[in-house]
Amino acid sequence: MRFNLGFFLREAAKNMRLNALMSITAVTTTAVCVLILGVGLLFSAHVESLIRQVGKDVAITAFFPENAPREQVDEARAKVEGYPEVAEVTYISEAEALNRFKETFSEQPNIYEGMDPGVLPASLEIRLAEPGASDTVAERLRSDGFEGLNYPQQAINRLDQVTGYVVWGLRAATVLFLVASVLLISNAIRISIFARRKEIEVMKLVGASDSFVRTPFVLEGLVQGLVGATLAALLVVWGNAIFVEWVQNQIPFIPISSAAVNTLFVLVLLIAVGVLIGVLGSFLSVRRFLRV
Amino acid sequence: MINFDNVSKVYGNDSIALDHVDLTIDPGEFVFLVGASGSGKSTMVRLILKELEPSSGTITVNGVRLSSIPHRAVPRHRRAIGCVFQDFKLLPNKTAAENVAYAMEVTGQKRRAIRVKVPQILDLVGLGEQADKYPGQLSGGEQQRVSIARAFVGQPPILIADEPTGNLDPDTSVGIMQLLHRINRIGTTVLVATHDREMVDVMRKRVVALKDGRVVRDMVRGGYANEV
Ligand SMILES: Nc1ncnc2c1ncn2[C@@H]1O[C@H](COP(=O)(O)OP(=O)(O)OP(=O)(O)O)[C@@H](O)[C@H]1O
Ligand SMILES: [Mg+2]
């Protein structure tokens, strides 16, 4: 038997018009679920991005021995730059170290007055690609002959731990909510199909095949999922843009960034989730009434 | 064409609707199924459609044992049987014409064929004017005729009508019976379950009488009442 798409689409459209209230319920449920899901998704994206930003500010300082020869400095620097965990290496010469020191204590010139330029050692300031790698990098530096190391070991470990908790917490919440959404949405669909179980029975009795009965319902679920999810996804993305701009203007020291969120990806993902739940929900809900 | 071999149907645990029924209906026959309310007529119809499974015994339609038909092949079996249901079973969200058309769409017929055929068949049952009304806007007798039109439209080899004249006035009833007769004359096997005493007496067809789920009489040219 040929697949009569036109017929099925007309059927689905008509059913949605006739059962407008049920359709609106299904669309609204989908929209609310996708909205919450989207907010959760963006929230975790921003939190992860903020944690990464903070992690970037964590640096290890490796001091050179006094009067280290130029070649040794260059060689060491090249080596450290080659570490895979390292994002950026800056060389601070003895003179520069003194300058920084002076800057820091510019209010109390007596502290640094008459200080010998060689008192403060030259160093490498190393920014890490990921904060968790500080131990590994320190280990490498030690085995490459650096003795004086300065890095906020505890802060880094703590940050790393918190990051782990937060990220996993957010992921668990997202999965839980996804499951809840599937149940909520398919329940809304099931109620609307339950109300029409007599019709399904009649269709079967006049010789309709399972798929002939099912297709309009599945198309209906698809459209409901698509509409609900699209509305919610657009709202989420739009709200995100406004939120990021607001934070950037009002609380500039929070390094929030619109780059933390791949807008297109979020849109596609949320809409796909809505459509999938709509299709699957109606498919499974119709199935139980097809046993006539 | 239709064969019941020692068929019983028990609803639940103790409601015996059919009690060891044997019945053979040959191709092209016209058979009245009569009996008091609750005697098991509708149960036989539902068994033939494979809407229900018998508790025991074998039913064969068109040479095929119904118990051997898998779930996915049931629609094909049902398309070979036009059925007028006692409670009409119209789709409430479809107009009279759409209800009739649905039976053709189910079999994958072309839209053009459907557009031609549906008005013809509605005219035939006297509902040309009501084509665009929904079942809720039709009288009981009009709904019944939509159900009849839907059963005929696919020209199935078997036509079953459960109380097709139950809600009709005498004139319309005669019209419907004449229609059933014409349909039978072109080779369709027709089974009519009915209480319509006059109709049965006038038509002088084969009459099978049920009483408490048993076949108590089977006459080639019977009337409704003979020694029921
Ligand atoms: N779904 C059911 N569950 C339990 N008992 C049923 C069910 N359907 C029918 N029955 C019983 O089976 C018996 C036969 O019912 P059936 O509908 O076949 O009678 P009928 O001859 O069609 O009656 P009528 O002329 O009133 O339509 C009746 O006693 C009825 O109460
Ligand atoms: Mg009955």
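1. S42(B) is partly exposed, because its relative accessibility is 24% and a residue counts as buried only under 20%. The model is a predicted one. Two contacts of S42(B) deserve attention. A polar atom in its side chain lies 2.7 Å from an oxygen atom of ligand 1, and its OG is also a protein donor of the magnesium ion, ligand 2.

2. The magnesium ion has S42(B), through OG, and Q86(B), through OE1, as its protein donors, at 1.9 to 2.1 Å. S42(B) belongs to helix α1 of chain B, whereas Q86(B) sits in the loop between β6 (81-84) and α3 (96-105) of that chain, so the pair ties together parts that are 44 residues apart in sequence. Q86(B) counts as partly exposed because its relative accessibility is 40%, which falls in the range between the buried limit of 20% and the exposed limit of 50%.

3. The shell around ligand 1 holds 13 residues, and the closest are S37(B), K41(B), S42(B), T43(B) and Q86(B). S42(B) and Q86(B) thus appear both among these closest residues and as donors of the magnesium ion. By residue class, the shell consists of nine polar residues, three nonpolar ones and one charged residue.

4. Which side chains have a polar atom placed 2.6 Å or 2.9 Å from an oxygen atom of ligand 1? In S37(B), a side-chain N or O atom is 2.6 Å from such an oxygen. In H195(B), the distance from a polar side-chain atom to a ligand oxygen is 2.9 Å. On its own, ligand 1 has 640 Å² of accessible area, and the protein covers 63% of this. Two elements of chain B, β2 (15-25) and α1 (41-48), give two or more residues each to the shell. The largest share, three residues, is that of α1(B).

5. Strand β3 of chain B, residues 30-35, is mostly covered, with six of its six residues buried. In a regular strand, side chains alternate between the two faces of the sheet. For β3(B), F30(B), F32(B) and V34(B) point one way, while V31(B), L33(B) and G35(B) point the other way; all of them are buried.

6. β3(B) is paired with two strands. It runs parallel to β8 (residues 189-194) of chain B, with five bridges between them, and V34(B) stands opposite T194(B) there. It also runs parallel to β9 (residues 206-211) of chain B, again through five bridges. In β9(B), V34(B) has A209(B) as its bridge partner, and V31(B) is opposite R206(B).

7. Is β9(B) largely enclosed or largely open? Five of its six residues are buried, so the strand is largely enclosed by the rest of the structure. Besides its parallel pairing with β3(B), β9(B) runs antiparallel to β10 (residues 214-219) of chain B, and five bridges join these two strands. L210(B) stands opposite V215(B) in β10(B). Two residues lie between the strands of this hairpin, in which D212(B) has a positive phi near 50°.

8. Two further residues of chain B merit a check of their backbone angles. H20(B) is not a glycine, yet its phi is positive, about 50°. It lies in strand β2 of chain B, an element that also gives residues to the shell around ligand 1. H20(B) is partly exposed because its relative accessible area is 48%. E163(B), likewise a residue other than glycine, has a positive phi near 55°. E163(B) is located in the loop between β7 (158-162) and α6 (170-185) of chain B, and it is buried because its relative accessible area is 7%.

9. In chain A, helix α8 spans residues 197-205, and its buried residues are E199(A), I200(A), V202(A), M203(A), K204(A) and L205(A). G207(A) follows α8(A) and has a positive phi, near 105°.

10. P216(A) lies in helix α9 of chain A, residues 210-250. It is buried because its relative accessible area is 6%. P216(A) and M16(A) are 200 residues apart in sequence, while their C-alpha atoms are 9.9 Å apart in space.

Key: Residues numbered from 1 in each chain as written. Chains lettered and ligands numbered in written order. Predicted model: local features only at pLDDT ≥ 70, side-chain atom pairs only at ≥ 80, totals over all residues. Heavy atoms only, no water. Near = heavy atom within 4 Å. Polar contact = N/O pair within 3.5 Å; in protein donor to acceptor, adjacent residues only side chain to side chain. Areas by Shrake-Rupley, 256 points an atom, 1.4 Å probe, with all protein chains shown as cover. Helix = DSSP H or I, 4+ residues; strand = E, 2+ residues; numbered from the N terminus. Nonpolar A, V, L, I, M, F, W, Y, C, P; charged D, E, K, R; others polar. Buried < 20%, exposed > 50% of the residue type's maximum accessible area, 1.4 Å probe, protein only. Pairing = 2+ DSSP bridges. Donors = N, O, S within 2.8 Å, 3.2 Å for Na, K, Ca; no water.
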